[in-house]
Amino acid sequence: MASMMQPQIILLKEGTDTSQGKAQLLSNINAVTAVGDVVRTTLGPRGMDKLIHDDKGSVTISNDGATIMKLLDIVHPAAKILVDIAKSQDSEVGDGTTTVVLLAAEFLKEAKPFVEDGVHSQNLIRSYRTASTLAIEKVKELAVSIEGKSVEEKKGLLAKCAATTLSSKLIGGEKEFFATMVVDAVMAIGDDDRLNLIGIKKVPGGNMRDSFLVDGVAFKKTFSYAGFEQQPKKFLNPNILLLNIELELKSEKENAEIRLSDPSQYQSIVDAEWNIIYDKLDKCVESGAKVVLSRLAIGDLATQYFADRDIFCAGRVAEEDLNRVAAAAGGTVQTSVNNIIPEVLGTCEIFEEKQVGGERFNIFSGCPSGRTATIVLRGGADQFIEEAERSLHDAIMIVRRAVKNSTVVPGGGAIDMEISKYLRQHSRTIAGKSQLFINSYAKALEVIPRQLCDNAGFDATDVLNKLRQKHAMQSGEGAPYGVDINTGGIADSFANFVWEPAVVKINAINAATEAACLILSVDETVKNPKSESAQGDAAGAMGRGRGGGRGRGMRRR
Amino acid sequence: MALAFDEFGRPFIILREQDQKTRLRGIDAQKANIAAGKAVARILRSSLGPKGMDKMLQGPDGDVTISNDGATILEQMDVDNQIAKLMVELSRSQDYEIGDGTTGVVVMAGALLEQAERQLDRGIHPIRIAEGYEMASRVAVEHLERIAQKFEFDVDNYEPLVQTCMTTLSSKIVNRCKRSLAEIAVKAVLAVADLERRDVNLDLIKVEGKVGGKLEDTELIYGILVDKDMSHPQMPKQIEDAHIAILTCPFEPPKPKTKHKVDIDTVEKFETLRKQEQQYFDEMVQKCKDVGATLVICQWGFDDEANHLLMHRNLPAVRWVGGVELELIAIATGGRIVPRFQELTPEKLGKAGMVREKSFGTTKERMLYIEHCANSKAVTIFIRGGNKMMIEETKRSIHDALCVARNLIRNNSIVYGGGAAEITCSLAVDAAADKYPGVEQYAIRAFAEALDSVPMALAENSGLQPIETLSAVKSQQIKENIPFYGIDCNDVGTNDMREQNVFETLIGKQQQILLATQVVKMILKIDDVISNSEY
């Protein structure tokens, strides 16, 4: 009875949820595998899309791993890591987000039997790390450089990379069309790192084939006042003036008040105000500009004034558009109309207002610096264009990456099979437990070709066996063989131009291994009770929580 | 929805509020989505063609719309299902881009989905179906290009344009005077078109409607119609050879924008102020008179004193004219919008041959016609009709006709309507199917079959035997190898659409096929629907 009297030691705050040990590790692995299963079917050219409603009722249809992971709104602590690696892959290389999630989940799945058998997870982690280093070295070794080719040739090769990325997306049917467009856009901005120089404008309606690339800037017609239609809508080699001021008749100072004692002075005040605005407008006209753009409003008076003088103007232009015009046309944005020197004016070959679908667009093309590009996307439904934009973003990132580190590897699961083979061979040279672990790492890599087959409805086992046979050939000629998505057999991915930049694969292997190791190294989760304010909805959620009855105290309200 | 369970069978919480979410995946998701898409298409099916029926839709505020236009019907239906929304957007994109064929595109997509369902049951992978559809759509579009005929037209010879617009209008409620409406639409578009650049800005065409009169009274005004009357009832109702001052400043003493205050402490000062105000009015009117204006159109109002003065000085005026109308008037009359009286010059005046006020029937409502303008680049279509719903529907029909005329100016290729284009595409696609190895072949054949559903629906709506009629026309097309046999919806007695003058624009038809394929691909590609259960 004495032990009963012993006071209970309260270490953690009441309501804290803890779970620990092997069971905890296994349950984390299970959670991660479950998340991996969600995105599994989106991989590859025959991958499917997900339709996700969020809390607000808005809907996204996507094939992009990172987007899906973000929208799933995952709260499980271990599974959240997968969301993070998908995001990091997205921001680092822009593509391969599904791959990275799938690989991480598969690594853990392979580790699970070992953990169940009582292997210390640190052992696993060490072997996984070694395996990933070896794998990355192998990728680098296998990668083929496209450096030193002529611009035309390089463009073709880059387009191949972009096409591989796009093939799994909704716009896959027109991948060549979009791939060339993306390559042209990326080439246009050159080495500059400012990705926002590539604008993507979405215009619902029309067909995706109607999408086009402007070697300059395009933006939607802004709100216009009466008189706008009387302005000319097309110029050749116009001077472009960019402003950040309001051209409106208004009080110059907010809080100023004028007191008049003599009614006859009235007119002079009115005239003075008009003179201020006319002075501004005159200066704009004097500068020789034919197109005046401002980030702030251009009022009806100014619109009519410009219309009288055959000048085009647009007010309330979005800042990013204005900056892009500045970059493209070579002008600078002015905050005053005083002292406008010719150097601050931009120019372009053609300026035109054009009808695109239901909208009118202002298009500046043939800009001297040529450092911007705008892709105008067309498509049948809003969801469609949204998804197309995400896909193009991926493709743009891939091309940019490929321009910088110009090495590519064969896709279609070929590189994964080759690394897998290499690691398997390597593992045989190791004595000790590590052999098993590296072998299982190698097996996990095979998930990519296997999933490609599964998604396409092929017999995965059959295809994988064919692939293994090819890759096991001593001569090494089987190395570039991957899944042939069209026939259900195998084919030389390299010859079929299914290419990925090497950096995508390297980053994916790195991030997935990192994530797997991180999850393996966790053996205890301590979950603090939700703060008082969030108690209302948290109490319910915790009640269903994992970890059985342990530490599940209901707080007083 | 639970994704995973631990060793005791308890679900993990992986997603936020996961038990409130439902998940539909795999073939079930596809089937559910297809069913939703088909349901939308079924609603519109009966609206297709010249014998198609209208739908009556009651809005949340009790307002009633009667329409035959696919885009309008779907918009008003306010659908909630996501897939159904995709179909609505599909119809809307067709509306934005082409303006016509909004019903046809949805019927087409519905048929494609129906066929896809059959292929899914056979166990064909959804993406392969979608890819097959894409191949087929390319074949169809190329085929259309081949059979399309160009026709020449110019400003004087616009008969072909009228014929095409008539095809569009024939399915609408206004078809009893389709000839005159089509002519109005074509003339309006030609008036504003820039034939060199092949660009038409439809903003320059104003469509006005007024309840009363009959549809036949609908007219095209080479000029502007303003729903305003003269500011003073005694002003002249008709001005010939008007010189119009277009003002954006009120007939009022000018006010500085900065906050101001006038200190009046003596009677003299008050007197001066009053006098000055009067002088302002006087000067303003004088200014207008001086430059030779015979009509003042003002964006703002003017008080009774000014009104009286204007009347007195015999200067008719219109007040409270909206900015958009003001702009149109300026464009039409070749005038400039003037922001200040000081800037009025004779050159800035707009010129119109005739300005007249017209009252309608027994009502006191009046409208102002500004006609015979210096520059007729802005026109107005004035619709009359028995009731408001009729006018609204006529507006929509005219819009469709305007869009068709615009498309023809952009690209003067046409294909034959009445389902002829679909039937010949169906034949072409069917023939092409055998050349494709692999599973796609089945999908391509399914596409050909889906194409048949448009003429089938046409025949059905016209009270013909759908299968008999379709097969008869099809065999006729093959036998004579002529692509313009279609469904004889109006019972004219011939299947030859060339004789019946039933045309559609090539781009409109191509767009229909491509858009429908695109959306169907999107729907087929979804295999997982995650949603909150309340949706």
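Here are a few questions and answers about how chain A and chain B meet in this predicted model.

Q: How many residues of chain A are in contact with chain B, and what makes that a contact?
A: There are 96 residues of chain A in contact with 83 residues of chain B. They count because heavy atoms come within 4.5 Å.

Q: What is the area buried between chain A and chain B?
A: It comes to about 7,800 Å², and carbon and sulfur atoms give 52% of that.

Q: Why is the pair Asp49(A) and Lys525(B) called a salt bridge?
A: The closest N and O atoms of Asp49(A) and Lys525(B) are 3.0 Å apart. The rule asks for a Lys or Arg side-chain nitrogen within 4 Å of an Asp or Glu carboxyl oxygen, so this pair qualifies. Across the interface of chain A and chain B, the rule finds 7 salt bridges.

Q: Which helix gives the largest share of the side of chain A that touches chain B?
A: That's helix 9 (residues 266–286) of chain A, with 8 residues. By class, this side of chain A has 38 nonpolar, 32 polar and 26 charged residues.

Q: How do you know that strand 2 of chain A pairs with strand 18 of chain B?
A: Pairing takes at least two bridges, and 4 bridges join strand 2 (residues 49–53) of chain A to strand 18 (residues 526–532) of chain B, so they pair. The two strands run parallel. Lys50(A) stands opposite Asp528(B) in strand 18 of chain B.

Conventions:
Residues numbered from 1 in each chain as written. Chains lettered and ligands numbered in written order. Predicted model: local features only at pLDDT ≥ 70, side-chain atom pairs only at ≥ 80, totals over all residues. Heavy atoms only, no water. Buried area = accessible area lost by both parts, 1.4 Å probe. Nonpolar A, V, L, I, M, F, W, Y, C, P; charged D, E, K, R; others polar.
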